[in-house]
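Here are some exercises to try with a structure viewer open. Work through each task yourself before reading the solution beneath it.

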Amino acid sequence: MKKILLIEALANSGPYVLDSAHRLGAHVFVATHEDVYDSYPATLREQIHGTVFTDLTDPDRALADMAAFAETTGIDAVAGCWEFFTPLVAHLARRLDLPGNDPQRAQACRNKAEMAKALSAGAVPAPRTVAVHGPGEAARALDRAGIGFPVVVKPAEQGGSWGVSVVANPADLDTAVRHAQSWPFAAPHGLRMDPRVVIQEYVPGPEFSLDTVVWRGDCFHLPVVEKHTTQGTHRAETGHTCPAALPPADLHDLRAATELALAALGIRNGVAHTELKVSPEAGPVVIEVGARLPGDHLVDVVRRASGIDEARAYLQAVLDEKPDVPTPRDGACAIRFLTPPRAGTFQGVTVRGRHAGLVERHITTAPGDFVGSARDNSARVGHLLLTAPTPVQVNADAAHVLAHTRIEVS
């Protein structure tokens, strides 16, 4: 019986990891904070075979606690779900002499300022980037780098599109930098974030993501996913479609750019979630990479569309087994997030009529709760999941059901 130590399970991808481990016949032990574990739902706890409580915000203490637990328990692999703990995953795997990523470059998989340096050094097609400590530095840093407007301003460390702005002119730059510094800690662990702000040249073009399982340096790519976002100053993600309807040449170029990025970041045993845009002039451009499974229920979306279990393949890679990533079957799946039309008190969601292909309607917000506007991903009140034979059809079906969906806010 294989034993896997998962550094934090309370994440969007946590249940998928635990389900896949069960199907592999492996036992999963979890490293977390004791108070965070108290908030785990019962369905999550039922699949966990043991815990090691430590302070994940203190890397030295956490590594010592987890290494002692792993050696006593006989752990065969180390895995993670949270982007902010991917350096811990890499360092613990190295300490235990287990498959993992390069710990010397692991911080660049968490921190966008360090990631920009690594991508530049690896000649990866990526946006020109500067990092600043506050609004007073922003304009001068852009001028020195020769980066013109529009630009994208984002926290060096955060997720969920929090603090991200597209800035069209110098007058709005300082406000955007202050906005990006509004989240100094990551809940629920109280992990301190790098206070720096990353400013990148804006890359026009459609957005995609590509998940890749890496084993002994070999890349096993999953289908490319089309990303849907809001427009304007804030770019919250509104949905995903798998697979993206792209010609073979574009798919090849996206994979090639991704492989350059993974090599530059030292991702050699595990999984990576790469976000890219296809510029009309420059072709594929790597926006950022996470050395983790994707959020937004993309593990489920990809599995429904292609038949590939990404969480299973990830666990196989860190167990030093060849990942099971078969040729994708024909099919498509789309997820669309339900976001309120404005901030206010949530009343409910009404989907009028019957809709072919609608396989799941999941509401995550209770009536009476306050909801914000769609400035970032935290405004979501639920999602719809659809399947169809082709991506063109599933996109059309998604547009149709959204046109018949009313999100009530008072």
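**Exercise 1. Cysteines**

Is Cys109 buried or exposed? Decide also whether Cys109 and Cys242 take part in disulfides in this predicted model.

*Solution.* Start with accessibility. Cys109 has a relative accessibility of 2%, so Cys109 counts as buried. The cut-off behind this step is that buried means under 20% relative accessible area.

Next, turn to the sulfur atoms. A disulfide needs two cysteine sulfur atoms within 2.5 Å. The structure holds 0 disulfides. For Cys109, the nearest cysteine sulfur belongs to Cys219 and is 13 Å away.

Finally, take Cys242. Its closest cysteine sulfur, in Cys333, is 7.5 Å away, which is too far for a bond. Cys242 also counts as buried, because its relative accessibility is 0%.

**Exercise 2. A residue in the core**

Which residues have the most contacts inside the largest nonpolar core? Pick Leu5 and describe its surroundings.

*Solution.* Begin with the core itself. It has 69 residues, and those with the most contacts inside it are Leu5, Ile7, Met66 and Leu92. A second, separate core has 25 residues, including Met115, Val214, Ala261 and Ile267.

Now place Leu5. It lies in strand 1, residues 3–7. Its relative accessibility is 0%, so Leu5 counts as buried.

Then list its partners, leaving aside neighbours within four places in sequence. Leu5 is in contact with Phe29, Val30, Ala31, Val52, Met66, Phe69, Ile75, Ala77, Val78, Ala79 and Leu92. One of these partners is Val52; Leu5 and Val52 are 47 residues apart along the chain, and their C-alpha atoms are separated by 9.2 Å.

A general point helps to place this result. In soluble globular proteins, nonpolar side chains tend to be buried together.

**Exercise 3. Helix 5**

Why can helix 5 be called largely enclosed by the rest of the structure?

*Solution.* Count the buried residues. Helix 5 has 10 residues and 7 of them are buried, so the helix is largely enclosed. Those buried are Thr86, Pro87, Leu88, Val89, Ala90, Leu92 and Ala93.

Look next at what covers them. The cover includes strand 1, helix 4 (59–73) and strand 4.

Last, step past the end of the helix. Asp97 follows helix 5 and has a positive phi, near 60°.

**Exercise 4. Empty space**

How many cavities of 30 Å³ or more are there, and which residues lie nearest the centre of the largest cavity? Describe the second largest pocket as well.

*Solution.* The count comes to 3 cavities of 30 Å³ or more. The largest cavity holds about 110 Å³ of space. Its lining has 15 residues, with Val89, Asn101, Asn269, Ala291 and Tyr314 nearest its centre.

Sort that lining by element. Strand 4 (77–80), helix 5 (86–95), strand 15 (270–279) and helix 11 (310–318) each give two or more residues. Helix 5 supplies the largest share, 4 residues.

Sort the lining by character too. It divides into 9 nonpolar, 6 polar and no charged residues.

Now repeat the steps for the second largest pocket, which holds about 230 Å³ of space. It is lined by 17 residues, and Pro223, Val224, Pro243, Pro328 and Arg329 lie nearest its centre. The elements that give two or more residues to this lining are helix 9 (248–264) and helix 10 (298–306). By character, the pocket lining divides into 11 nonpolar, 3 polar and 3 charged residues.

Key: Residues are numbered from 1 along each chain as its sequence is written. This is a predicted model: local features need pLDDT of at least 70, side-chain atom pairs count only at pLDDT 80 or more; totals for chains, interfaces and linings use all residues. Side-chain values use heavy atoms; hydrogens and water are left out. Buried means under 20% relative accessible area, exposed over 50%, partly exposed in between (1.4 Å probe, protein chains only). On a 1 Å grid over the protein atoms alone, a cavity is a set of points where a 1.4 Å probe fits but cannot get out, and a pocket is an open set with protein on both sides within 12 Å along at least five of seven lines; lining residues have an atom within 4 Å of a point. Grid points are joined across faces, edges and corners, and a volume is the space filled by probe spheres set on the points. Ala, Val, Leu, Ile, Met, Phe, Trp, Tyr, Cys and Pro count as nonpolar, Asp, Glu, Lys and Arg as charged, and the others, Gly among them, as polar. A nonpolar core is a set of buried Ala, Val, Leu, Ile, Met, Phe, Trp, Tyr and Cys residues joined through side-chain atoms within 4.5 Å. Contact means heavy atoms within 4.5 Å.
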